[in-house]
Amino acid sequence: IFFRAFVCPPETMFARKDYAPLDNNAWSCFQVLAMVAAVSVSVGATVGLVTSSASQTNLASSGLTTAVRPTAQTTVRMPIRGRPSGNAIHHSDQALPHFQDTKPEDIQSIAIPSHKRGPSISALLLVPITLAGAVAALWHAVRKPVATPVDPLELVSTTPKAPVGCVYGGHRIDYAMMAISGKKVAVLGGAGGIGQPLALLLKGCDMVSHLSVYDLANFTPGVAVDLSHINTPCTVSGHKGAEELEAALEGADVVVIPAGVARKPGMTRDDLFNTNASIIASLAGACAKVCPKAILVLIANPVNSLVPVAAEVMKKAGVHDPRKVIGVTSLDVTRANTWVGEMNGENPREQNVVVVGGHAGTTILPLLSQVPGSDRWSDEQIKALTNRIQFGGEEVVKAKDGAGSATLSMAYSGAEFVRQILRAINGEQGIVECCYTENSVTEASFFATPTTLGPNGAESPASLPELSAFEQEGLDSMLPDLKAQIAKGVEFAKSL
């Protein structure tokens with residue numbers, strides 16, 4: 001205790017990390033108590049050993065016993081009060097007969113006075129030790145625990161990220177505090193191919209206190225009931241049909257929208273536009289009415305066009321905040337991290353590839369020149385990897401043979417992004433993620449770039465770094481396509 005109190009800083013005093021750091025006054029008191037306890041133990045142990053040793057020496061040298069039981073061959077010679085007397089018996093404080101040679105038949109036994117001492121010093125020192133220990137234990141017990149920040153280790157996106165939805169670091173969570181700081185997240189399209197695994201991952205996130213699952217499907221309440229059986233503190237509510245949309249959005253802090261039809265073989269993201277644009281416009285209109293301050297996180301494709309649709313709807317309602325309408329491009333980053341890790345023989349979790357532009361085909365531009373060690377790659381390797389990242393979605397569609405698109409990897413990437421948003425809402429600093437927002441980074445009005453997240457959403461988009469010749473060529477060629485896709489969304493929303 002003495003060592004830890006004076007050497008360790010307050011925040012590392014206890015092995016348990018679920019207590020707040022000590023303030024200066026409490027820390028000073030604890031240091032005093034620790035010092036008293038340590039000194040008392042040391043002095044008490046030393047005096048006790050010395051006293052015990054001295055007593056044993058006295059007893060051994062005096063031949064003191066508790067009683068003398070003589071035999072027929074014995075003549076008793078007794079020391080009084082531990083002082084050897086040779087052949088003589090001296091007076092003591094007690095009335096004992098004066099005798100030198102006593103015959104055995106004259107006595108049965110003789111009791112010898114024991115040493116008369118007060119309480120030992122070591123026993124007395126137990127008092128301050130006990131008091132100090134009791135006060136320290138009581139103070140430690142009544143301290144108010146606080147929730148450990150979920151995944152304490154990670155403040156910026158450049159560090160390895162813990163799996164979505166775990167209790168980060170294995171520390172205990174104070175559920176009462178979590179109920180205060182937890183947020184309501186609504187998943188619109190929560191019964192679909194992306195929505196269900198996305199809702200599952202969010203149910204396991206301890207930053208979510210209420211998960212609202214909405215979809216048109218009649219079995220949507222069943223999805224919510226299924227999720228509610230998972231033993232996490234997040235409550236779940238299910239809502240089906242347009243008549244329950246507003247109830248699903250009531251009080252939402254974050255609204256995630258994976259709703260819409262999925263891609264099929266041969267379809268492009270533009271082919272999805274006519275159907276999904278109407279869905280997004282309707283959902284964005286409900287958000288503008290019910291939860292205008294919520295952060296909208298759009299997953300539905302085509303992201304390049306649908307984010308402008310949602311933004312225009314919010315503008316019409318007079319509640320538009322460009323920081324709070326965000327398109328998710330995290331899947332492009334996830335794929336890039338996976339394949340770069342494979343190429344380098346490294347852990348994919350430890351990669352942080354920057355992907356800019358949009359979220360469709362050649363508008364996806366991974367900045368591989370920024371990856372450490374990329375100077376060892378050939379031009380052919382860079383071109384092949386860039387192409388694979390740009391058209392990774394088609395790889396999944398073909399492999400599923402018409403049964404769907406990238407649902408699981410999209411759900412994972414979307415949940416990861418929502419988790420980062422929630423951390424930023426809760427006040428964590430330095431969280432940077434690539435995402436698609438309205439900004440002035442390029443001549444396109446919407447553009448995906450590394451962006452610092454904050455309580456208000458995507459707060460600070462970063463400028464582009466220096467690009468390689470190959471990347472600059474890709475940027476120049478994709479900007480006209482991206483601008484056209486943005487214009488398509490804006491025109492659709494204005495025509496409503």
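Ser 212 is buried, with a relative accessible area of 0%. This residue sits in strand 4. The model is predicted. In the protein, 46% of the 496 residues are buried. The chain forms 15 helices and 13 strands.

**Ser 212 and strand 4**

- Beyond its neighbours within four places in sequence, Ser 212 touches Lys 184, Val 185, Ala 186 and Val 187.
- Ser 237, His 239 and Ala 248 are also in contact with Ser 212.
- Ser 212 counts as buried because its relative accessible area, 0%, falls under the 20% cut-off.
- Strand 4 spans residues 208-215 and supplies at least two residues of the lining of the largest pocket.

**Helix 6 and its cover**

- Helix 6 runs over residues 195-203, and its buried residues are Gly 195, Pro 197, Leu 198, Ala 199, Leu 202 and Lys 203.
- Strands that help cover these buried residues include strand 3 (183-188), strand 4, strand 5 (235-240) and strand 6 (254-257).
- Helix 7 (220-228) and helix 14 (408-425) also belong to that cover.
- Ala 199 is part of helix 6, and its relative accessibility is 0%.
- Leaving aside neighbours within four places in sequence, Ala 199 contacts Leu 211, Val 213 and Leu 227.
- The C-alpha atoms of Ala 199 and Val 213 are 7.4 Å apart, with the two positions 14 residues apart in sequence numbering.

**Ala 448 in strand 12**

- Strand 12 covers residues 446-454 and holds Ala 448.
- Ala 448 is buried, at 0% relative accessibility.
- Leaving aside neighbours within four places in sequence, its contacts are Thr 329, Val 355, Val 356, Gly 357, Gly 358, Cys 435 and Tyr 436.
- Thr 329 is 119 residues from Ala 448 along the chain, yet their C-alpha atoms are separated by 7.4 Å.
- Across the protein, 71% of contacts between residues at least 6 apart in sequence join residues at least 24 apart.

**Helix 9 against helix 10**

- Two packed helices are described by the angle between their axes and the distance between the axes.
- Helix 9 packs on helix 10 (residues 303-317) at an angle of about 35 degrees, and the axes lie 9 Å apart.
- The two helices, 9 and 10, make a right-handed crossing.
- Helix 9 brings Phe 273, Asn 276, Ala 277, Ile 280, Ala 281, Ala 284, Gly 285 and Ala 288 to the contact.
- Helix 10 meets them with Ser 305, Leu 306, Val 309, Ala 310, Val 313, Met 314 and Ala 317.
- By class, this contact has twelve nonpolar, three polar and no charged residues.
- An α-helix has 3.6 residues a turn, so residues three or four places apart point the same way.

**The largest pocket**

- The largest pocket holds about 600 Å³ of space.
- Its lining has 35 residues, and Pro 258, Ala 259, Gly 260, Val 261 and Ala 262 are the closest to the pocket centre.
- By class, the lining has 19 nonpolar, twelve polar and four charged residues.
- Helix 9 (273-290), helix 11 (330-344) and helix 13 (392-399) are among the elements that each supply at least two lining residues.
- Helix 9 gives the largest share of the lining, four residues.

Key
Residues numbered from 1 in each chain as written. Predicted model: local features only at pLDDT ≥ 70, side-chain atom pairs only at ≥ 80, totals over all residues. Heavy atoms only, no water. 1 Å grid on protein atoms, 1.4 Å probe; cavity = no way out; pocket = protein on both sides within 12 Å on 5 of 7 lines; lining within 4 Å. Points joined across faces, edges and corners; volume = space filled by probe spheres on them. Nonpolar A, V, L, I, M, F, W, Y, C, P; charged D, E, K, R; others polar. Axes fitted to C-alpha atoms, helices over the stretch in contact; angles between N-to-C directions. Left-handed = near helix turned anticlockwise from the far one by under 90°. Contact = heavy atoms within 4.5 Å. Buried < 20%, exposed > 50% of the residue type's maximum accessible area, 1.4 Å probe, protein only.
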